[in-house]
Structure formats: structure tokens, C-alpha cells
Amino acid sequence: MPFTATHEEKRALRAQIERLPPVDYAPLLTRFLALPEVARAETILLFWGVGREPDTRPVIAELLRQGKTVALPRCLPGRQMAALQVSSDTVLVPSAFGIPEPGLDCPVIPKVALDLILVPNLCCDKEGYRLGHGGGYYDRYLRNFTGETVALCPAPLLRARLPREVFDVPVNMVLS
């Protein structure tokens with residue numbers, strides 16, 4: 001499939017963001033934990049932050065401490081993913097992309113059982129669209145998801161409008 005102009009815009013924006021200084025996600029992680037949507041949620045899909053993404057380990061630990069059911073994604077063939085339940089003693093294994101993920105011994109949580117998903121991103125726009133790493137895993141997973149979706153985006157990374165394609169799925173809420 002040939003690359004589109006939008007695809008090239010996204011690639012250039014990813015490279016631009018990689019050159020920016022690191023940002024402090026701690027205030028946004030605190031705000032995330034204080035959301036009423038998080039308080040109401042019983043089952044939450046988080047991500048394991050890598051690279052420029054926030055370190056989500058403290059959030060995972062806090063939600064488990066609160067008795068929430070916490071899941072992390074596992075990449076599957078065909079650019080699909082599944083939510084696998086984790087506990088405080090779950091041993092994560094590196095995926096093909098080097099991202100720690102739950103092993104196959106962890107229970108799968110059906111998408112319909114998830115109340116909230118914290119969606120990773122490199123940056124977001126004011127309409128809830130996000131720029132990811134380009135694999136499309138989350139856009140595929142979020143299609144037809146009816147629960148709450150949240151992205152964390154520090155102010156320096158928030159854009160007025162991101163380039164988007166027909167398969168891009170916005171989140172319900174961007175914390176900035």
C-alpha cells in the first residue's frame with residue numbers, strides 16, 4: 001500500500017516529537033487517578049510506558065491497591081491486541097517490539113468487560129485524536145469500544161489538530 005501524505009505528515013511529526021526534551025507526566029498521572037471515571041471503573045486497561053511515554057507503574061500499583069481489575073495489552077498477530085489481567089506479582093515478558101507485556105498465562109479480559117482504557121500517545125489534539133507509534137493496534141482495539149477512553153498529553157505536546165486518517169479513533173478525554 002502506498003504511503004499517503006497524511007502518513008508522511010505523521011512520520012515527520014513523530015520525528016519532531018522525538019527531538020523534544022522529556023516532559024514530566026507526574027501531575028497528569030495524579031489527575032488521572034483522581035478522575036471520577038477512574039473511581040467508577042472496576043476494570044481498567046492501562047499500558048506499560050516505554051520511551052517518551054509516562055511511567056505507569058505507580059498507577060498500576062495504586063489501582064491494584066484499590067482493588068481494581070487491571071489489564072495490560074498483549075500484541076497479537078494481524079496487528080490485533082488483547083487485554084490481559086495482571087496482578088502485583090505478574091511477570092511481564094518483552095514483546096517483539098520490546099514492550100513488556102503479560103504472558104499467555106494471564107487471563108484475557110473481554111473488551112466489553114473494560115470500563116476504561118488509558119491510551120498511550122506521543123501527542124494529542126484538542127478533539128481527542130492522538131499520534132501513536134504507527135502500528136494501529138489501539139485504533140483497531142478502540143473501534144466499537146463503548147467505555148471511557150483517556151489520553152495524557154502534557155501541554156507542550158497538545159496540538160490544535162493532528163493529521164488523521166479514516167481509521168483513527170479519538171479518545172473521549174485528553175488530560176493536559
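The following paragraphs describe the salt bridges of this predicted model. The count comes to nine salt bridges, and several of them are taken up in turn below.

One pair is formed by Arg57 and Asp55, whose side chains meet with an N to O distance of 2.8 Å. Both partners are partly exposed: Arg57 has a relative accessible area of 48%, and Asp55 has one of 35%.

A second pair lies within a helix. The side chains of Glu62 and Arg65 form a salt bridge at 2.7 Å, N to O. Both residues belong to helix H4, which spans residues 57-65, and they stand three residues apart, about one turn of the helix. Their accessibility falls into separate classes, because exposed means over 50% relative accessible area. Glu62, at 23%, is partly exposed, whereas Arg65, at 60%, is exposed.

A further salt bridge joins Arg164 and Glu127, with 3.4 Å from N to O. Arg164 sits in the loop between strand E11 (158-159) and strand E12 (173-175), while Glu127 sits in the loop between strand E8 (123-125) and strand E9 (130-131), so the pair ties together parts that are 37 residues apart in sequence. Glu127 is partly exposed, with a relative accessibility of 46%.

The contact between Arg164 and Glu127 also has a wider setting. These two residues are linked with Asp125 and Arg161 in a network of salt bridges.

How values were computed. Residues are numbered from 1 along each chain as its sequence is written. This is a predicted model: local features need pLDDT of at least 70, side-chain atom pairs count only at pLDDT 80 or more; totals for chains, interfaces and linings use all residues. Side-chain values use heavy atoms; hydrogens and water are left out. A salt bridge is a side-chain nitrogen of Lys or Arg within 4 Å of a carboxyl oxygen of Asp or Glu. Buried means under 20% relative accessible area, exposed over 50%, partly exposed in between (1.4 Å probe, protein chains only). Helices (H or I, at least four residues) and strands (E, at least two) are DSSP runs, numbered from the N terminus.
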